[in-house]
Amino acid sequence: MTTKTSYIAQSVKNLKPSGIRKFFDLAANMEGVISLGVGEPDFITSWTVREAAILSLEQGYTSYTANAGLLELREKIARYMKDGYSVDYDPKTEIIVTVGASQALDISMRAIIDQGDEVIIVEPGFVSYVPLVQLAGGVPVTVETKPENGFKVTAEELEAAITSKTKAVLLCSPNNPTGTVLERGNLESLAEVIRKHDLVVFSDEIYAELAYDSHHVSIASLEDMRKRTIVINGFSKGFAMTGWRLGYICAPEEIASSLLKIHQYAMMCASTPAQYAAVEALDKGMDDVMEMKRSYRHRRHYFVDSLNELGLTCHTPGGAFYAFPSIQKTGMSSGEFAEKLLMEEKVAVVPGNVFGKGGEGFIRCSYASSMEQLQEAVKRMKRFVENHS
Ligand code: PMP
């Protein structure tokens, strides 16, 4: 009997490893590193939320929930979407609780994309988008945004990328890695193009709670957009619940029921204690969310101003917890900058090129670190920039 040279599917062989990993692995083996690399809150989940999960376990709620999630949680999500973002979803048929926004993205792609369909992805963008589109059999078409436009994609840029094969557009606001927020006016002009070409929108709104200068607008709330939009959101960022692995999808019934088909076979349901925790988060956790937001806003000011003073030009990110400064003045590539900064000054950042087109020449720094850590990081980065200018 002959054995195959590899058992791995070609689609997986074709995937590139995440560029972020390399830096985490390097930093993990060093002492005294200040990490501005990870994309997660530096807060522990609110006590009241943790307590709700503990209580659910004490009460013995350890079975599966409905495939779509606890109805009580879906009802709370429906209220949250209506009160917060002016979109109505039926909790019984239009909301699915998922294992993080990550699974929400995965099943959304798989439900919408047929082999060869093109999906427009705005870059610099979150590292999972291109691989997830590829795994679903789609073709990612990337559109580069420009620093002079504050990394906002324009309606013209979007329209220029549309072909007869385009099925969907993926938008993320507030954005990872740029922190860019698409305000109502930007979304209106993009929506016009999307309606004209009858496209689906994957709207990644995981940072919705962390918009600092204006209230977050969901593209689903704009005229004639709800029927074509899949809203992807979750508890990881705003509620500081990354490890609970809890997200959700809001979509019109026809789409939601198709997503549920995949979800029920691939996942059954999200973690039960995490769902009880999330009920409490939406019920009593909002004050803590506001408090965390105030703290990020304060740190954003300090950190972005400091980077600009170092000559690492940085637009003011309207949301999320990332600064995306230019490192052009050092003449280094972003990979070189990140590697040398780690080796020489023990500060971990992520090179911009891992976020796709338009990311080269920039680095992503998370300011979800304590003020003391940020101040020390700025001190080290100042020395580094002076040594390399
Ligand atoms: N979308 C974006 C833009 C993100 O930054 C992240 C997390 N880094 C996710 C989705 C995935 O979030 P979750 O923890 O809910 O899977």
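**Group meeting: a walk through a two-domain model**

Let me start at a helix end: α9 is followed by Met268, whose phi is positive, near 70°. Before I go on, please keep in mind that this is a predicted model.

So what is the setting of Met268? Its place is the loop between α9 (253-266) and α10, and Met268 is not a glycine, even with that positive phi of about 70°. For background, most residues other than glycine have a negative phi, and most peptide bonds are trans. Is Met268 buried or exposed? Met268 counts as exposed, because it has 11 C-beta neighbours inside 10 Å.

Now walk back into α9 itself. This helix has 14 residues and reaches 20 Å from its first C-alpha to its last, close to the 20 Å expected at 1.5 Å a residue. Which residues of α9 are buried? They are Ile255, Ala256, Leu259 and His263. Looking down the axis of α9, you would find these buried residues within an arc of 90°, so they line one face of the helix. Turn to the other side of α9 and you meet Glu254 and Tyr265, which are exposed. As for the cover over the buried residues of α9, it includes β2, α5, β7 (229-234) and β8.

Helix α4 makes a nice companion. It runs over residues 71-85, which is 15 residues, and spans 20 Å from first C-alpha to last, close to the 21 Å expected at 1.5 Å a residue. Its buried residues are Leu73, Arg74, Ile77 and Met81. Those four cover an arc of only 100° around the axis, which puts them on the same side of α4. Among the elements covering them are β2 (95-98), β8 (247-250) and α10 (272-284). If you compare the two lists, β2 and β8 appear in the cover of α4 and also in the cover of α9. Just after α4 comes Ser86, with a positive phi of about 60°.

There is one more positive phi to show you. Ala320, again not a glycine, has a phi of about 60°, and it is placed in the loop between α11 and β9. Buried or exposed, this time? Ala320 is buried, because 29 other C-beta atoms lie within 10 Å of it.

Next, the ligand. How many residues surround it? There are 13, and the closest are Gly100, Ala101, Ser102, Asn176 and Ser236. Helix α5 (residues 100-112) gives the most to this shell, with three residues. By character, the shell divides into four nonpolar, eight polar and one charged.

Asn176 brings us to the cis peptide bonds. The bond from Asn176 to Pro177 is cis, with omega near 20°, and Pro177 lies in the loop between β5 (166-172) and α8 (184-196). Another cis peptide bond joins Glu123 and Pro124, with omega about 0°. Pro124 is in the loop between β3 and α6 (129-135).

While we are around β3, have a look at Ile113. It sits in the loop between α5 and β3 (118-123). Ile113 counts as buried, because it has 23 C-beta neighbours inside 10 Å. What does it touch, leaving aside neighbours within four places in sequence? Its contacts are Val119, Val133, Ala136, Gly137, Gly138 and Lys167. Take Gly138: it is 25 residues from Ile113 in sequence, yet the two are 5.9 Å apart in space, C-alpha to C-alpha.

Finally, let's zoom out. The protein is divided into domain 1 (10-45 + 287-387) and domain 2 (47-283), and their C-alpha centres lie 25 Å apart. The contact between them takes 35 residues from domain 1 and 36 residues from domain 2. Which elements give two or more residues to the domain 1 side? They are α11 (286-309) and β9 (322-323). The largest share of that side, six residues, comes from α11. In terms of character, the domain 1 side divides into 16 nonpolar, 13 polar and six charged.

And for anyone rotating the model afterwards, the loop with Ala320 runs between those two elements, α11 and β9. Thanks, everyone!

Conventions: Residues are numbered from 1 along each chain as its sequence is written. This is a predicted model: local features need pLDDT of at least 70, side-chain atom pairs count only at pLDDT 80 or more; totals for chains, interfaces and linings use all residues. Domain bounds come from an automatic or database domain assignment. Two residues are in contact if their C-beta atoms, placed from the backbone, lie within 7 Å. Ala, Val, Leu, Ile, Met, Phe, Trp, Tyr, Cys and Pro count as nonpolar, Asp, Glu, Lys and Arg as charged, and the others, Gly among them, as polar. The expected span of a helix is 1.5 Å times one less than its number of residues. A residue is buried if 20 or more other C-beta atoms lie within 10 Å of its own, exposed if 12 or fewer, and partly exposed in between; C-beta atoms are placed from the backbone. The arc is that of the directions from the helix axis to the C-beta atoms. A residue is near a molecule or strand if its C-beta atom, placed from the backbone, lies within 6 Å of it.
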